[in-house]
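Okay, everyone, thanks for coming. Let's have a look at the aromatic residues and then the ligand.

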Amino acid sequence: MDLEISGKRAIVLGASRGLGMAIAQSLASEGVTVFAAARSRDKIAAWAEGMDNVHPLQLDLSEIEEVDAVVDSLLKDGGVDIIVNNGGGPPPGTAQTAERSAWLTFFESMGANLFHMNTRLLPKMKERSWGRIISITSSGVEQPIPNLALSNGIRSAVVGWSKSLANEVAADGITVNVVMPGRIHTQRVDELDAAAAKRTDTDVKEVAAKSRGTIPAGRYGKPEEFADVVTFLASERAGYVTGSKIRIDGGSIKSI
Ligand code: NAD
């Protein structure tokens, strides 16, 4: 299947490692010019060495000046066709103990600043009557994950924003979708397993085996499997998929 996106321009956020990096690499392999952004430009430059169509950018999503500077530089060159909204997750904790200040801090970087960036990049997509906006959230937006109240709450706001925007711009040839990872094997997942092992004084292999046991597929997903779905959503071929939430979770979410 020809995805017909060679020559398009994409910005992928949170692209120094993990899911963002896998998506940036997958889009680049389809001939897309990828602006890969994260707090550490050097980390992106390291994996992108020798890839002519990947351009590393420094961007901390919690700093609105940096967000605007990146948007300004992209708009100078005509904007982008594809936006992949991604970044780090908030710290764990319960809804009862989450401080007002934490809600505000993480809503700013995971919600408001992202929405602002997309709003500024939209007019160029509208001019070309073509665009793809894909936001990485979590399985927690359909099945809240215990002790991740900030993530469950703020990512649900991203879903509401995504669906609202999808309705507004569908007739402009712009699709807006959410993808929900559930235990895709990134460094972050290894770190979470290691932290759980320490907390419960259990061997990390045991923690990971228990976690895999809760997934119908019996394993963690591969970042490439996740990136392939996102790349399809970014393609010409997915033009009629919009306003959707797509699970990439090996069957983890229990509801249908
Ligand atoms: P990760 O922590 O490995 O990668 C996050 C990326 O975002 C990194 O490149 C990091 O540098 C970047 N980032 C963090 N804070 C940033 C900021 N303020 N500004 C710009 N970039 C920033 O995580 P991952 O496993 O690749 O997952 C990506 C996202 O999906 C995370 O938000 C994660 O919580 C969420 N998620 C992942 C899974 C999974 O199974 N891997 C499951 C549910 C949710």
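So, Phe-107 is partly exposed, with a relative accessible area of 32%; partly exposed means between 20% and 50%, buried means under 20%, using a 1.4 Å probe and protein chains only. Phe-115 is buried, at 15%, and Trp-161 is buried too, at 16%.

Quick note on what you're seeing: this is a predicted model, where local features need pLDDT of at least 70, side-chain atom pairs count only at pLDDT 80 or more, and totals for chains, interfaces and linings use all residues. Residues are numbered from 1 along each chain as its sequence is written, and side-chain values use heavy atoms, leaving out hydrogens and water.

How many aromatic pairs does a search of the whole structure find? Two, where a pair means ring centres within 6.5 Å (for Trp, the six-membered ring), with planes under 30 degrees apart called stacked, over 60 edge-to-face and the rest tilted. Phe-107 and Phe-115 have ring centres 6.1 Å apart and planes at 75°, so they're edge-to-face. Phe-115 and Trp-161 sit with centres 4.7 Å apart and planes at 15°, so that pair is stacked. Put together, Phe-107, Phe-115 and Trp-161 make one aromatic cluster.

Now the ligand. Its shell takes residues from both domain 1 (9-182 + 224-238) and domain 2 (183-220), so the ligand lies between them; those bounds come from an automatic or database domain assignment. One of the ligand's oxygen atoms is 2.6 Å from a polar backbone atom of Ile-184, and for Gly-89 a polar backbone atom is 3.4 Å from a ligand oxygen.

How values were computed
Polar contact = N/O pair within 3.5 Å; in protein donor to acceptor, adjacent residues only side chain to side chain.
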